[in-house]
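Please find below some notes on the structure that follows, set out as numbered points.

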Amino acid sequence: MPCFLIMLLFHNGADEEDGLLQQEPDWRLIVPGKRSFVRQGGDFVLEFVRVNQQAFDLRWTDVSSPREFISAGHTSARGSSVKIRVLGCHGSDQLLDCHGQMLQCRPCAFLINDTVLLDAGTVGSRLTLPEQMKISHVLLSHLHFDHIKDLPTLADNLVGESGTSLVVAAIPEVLGGLRAHIFNSSVYPDFFRLPDAGRSVLIPHPLQIDREWTISGLRIVPIRVNHLVPTVGFLISDERATVLYSADTYQTDDIWHAASSMPNLKAAFIEVSYPNAHATLAKSAKHLTPELLGHEFKKIGRPDLPVYVYHVKPRFQSVIETELRQLPIPHITVLEENLELVF
Ligand SMILES: [Zn+2]
Ligand SMILES: [Zn+2]
């Protein structure tokens with residue numbers, strides 16, 4: 001039920017701008033700019049709580065249980081500049097039965113301001129060809145397949161479009177791995193040299209750890225995190241907002257400390273992959289559990305910072321949501337595909 005509600009609410013972007021949220025077939029939520037708005041159905045309460053000018057929480061309470069489900073969204077506020085469209089936000093690809101509604105979980109990919117793709121786990125199944133052609137840069141956190149899965153088909157889709165090329169920005173270990181293991185003319189054509197070496201579809205750009213890089217009006221700082229393979233998270237900033245993207249990581253320090261010094265830090269996208277009962281697996285696979293997230297989040301030193309959890313393994317979705325609700329983090333959201341966030 002919660003998934004159903006949130007997805008419907010966010011499908012109607014045009015109406016969000018006008019402060020009017022519609023839910024088919026007979027729900028109609030008017031959001032008149034008040035801080036809080038409550039609508040009660042037969043067995044649940046849906047509460048709209050404004051966090052700030054751009055953000056709101058949706059609190060869904062099952063009256064019969066009772067239990068509370070907190071999700072969140074953002075208005076498409078005019079003038080805001082860091083827009084993040086969630087193409088995929090799970091740690092695997094799976095069709096999930098979510099309280100009777102089917103939820104298609106997809107590997108991680110986030111489209112920033114329509115032109116910068118942050119990880120490439122999901123592209124072609126979510127974007128039309130014209131939308132894919134708008135992408136100018138792809139930022140990759142690491143080489144694991146769930147973060148690069150759709151890069152080959154993205155390149156293949158664009159190779160016939162004259163003048164279209166993509167800058168693939170990653171640390172050298174990732175660029176080297178792509179060329180050695182994926183675009184090696186055996187697994188897939190070498191789109192770093194096709195259609196010809198002078199005007200290839202994919203253009204590599206090596207990122208340096210802790211070194212700022214500016215693209216499309218965004219400042220990108222890659223910071224090493226603690227994963228099984230060489231991996232960087234990112235601090236992504238424009239003039240008014242900074243967003244933290246943890247990438248896949250176990251316990252780490254540098255990225256939290258770097259984020260804590262950012263004056264305009266607006267949100268942290270932090271991975272959680274396994275429930276607390278699988279702490280041993282999380283340690284060996286170098287991922288976080290809800291309990292570990294609680295410890296790591298404190299290192300940022302911003303207890304009011306909105307947290308967006310992603311990379312949940314779909315089979316653990318329900319138990320992870322339950323454990324996250326028990327954390328003392330006031331603004332925490334489990335991301336879902338199709339959300340669009342503006343900072
Ligand atoms: Zn990984
Ligand atoms: Zn991953």
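1. A nonpolar core is taken here as a set of buried Ala, Val, Leu, Ile, Met, Phe, Trp, Tyr and Cys residues joined through C-beta atoms within 7 Å, where buried means that 20 or more other C-beta atoms lie within 10 Å of a residue's own, exposed means 12 or fewer, partly exposed is in between, and C-beta atoms are placed from the backbone.

2. The model is predicted, with local features needing pLDDT of at least 70 and side-chain atom pairs counting only at pLDDT 80 or more, while totals for chains, interfaces and linings use all residues. Residues are numbered from 1 along each chain as its sequence is written, and chains are lettered from A and ligands numbered from 1 in the order in which they are written.

3. The largest nonpolar core has 83 residues, of which Leu117, Val138 and Val309 touch the most other members. Strand β19 (residues 265-271) gives the most to this core, with five residues; strands are DSSP runs of E, at least two residues long, numbered from the N terminus.

4. An open sheet of seven strands, with mixed pairing, follows the order β15-β16-β17-β18-β19-β20-β21, two strands being paired if DSSP finds at least two bridges between them. Because β15 (213-215) and β21 (332-334) stand at the edges with a single partner strand each, one side of each is left without a neighbour in the sheet.

5. Within the sheet, β18 (residues 242-245) runs parallel to β19 and is joined to it by four bridges, and Tyr245 stands opposite Phe269 in β19.

6. Val221 lies in strand β16 (residues 218-224) and counts as buried because it has 23 C-beta neighbours inside 10 Å.
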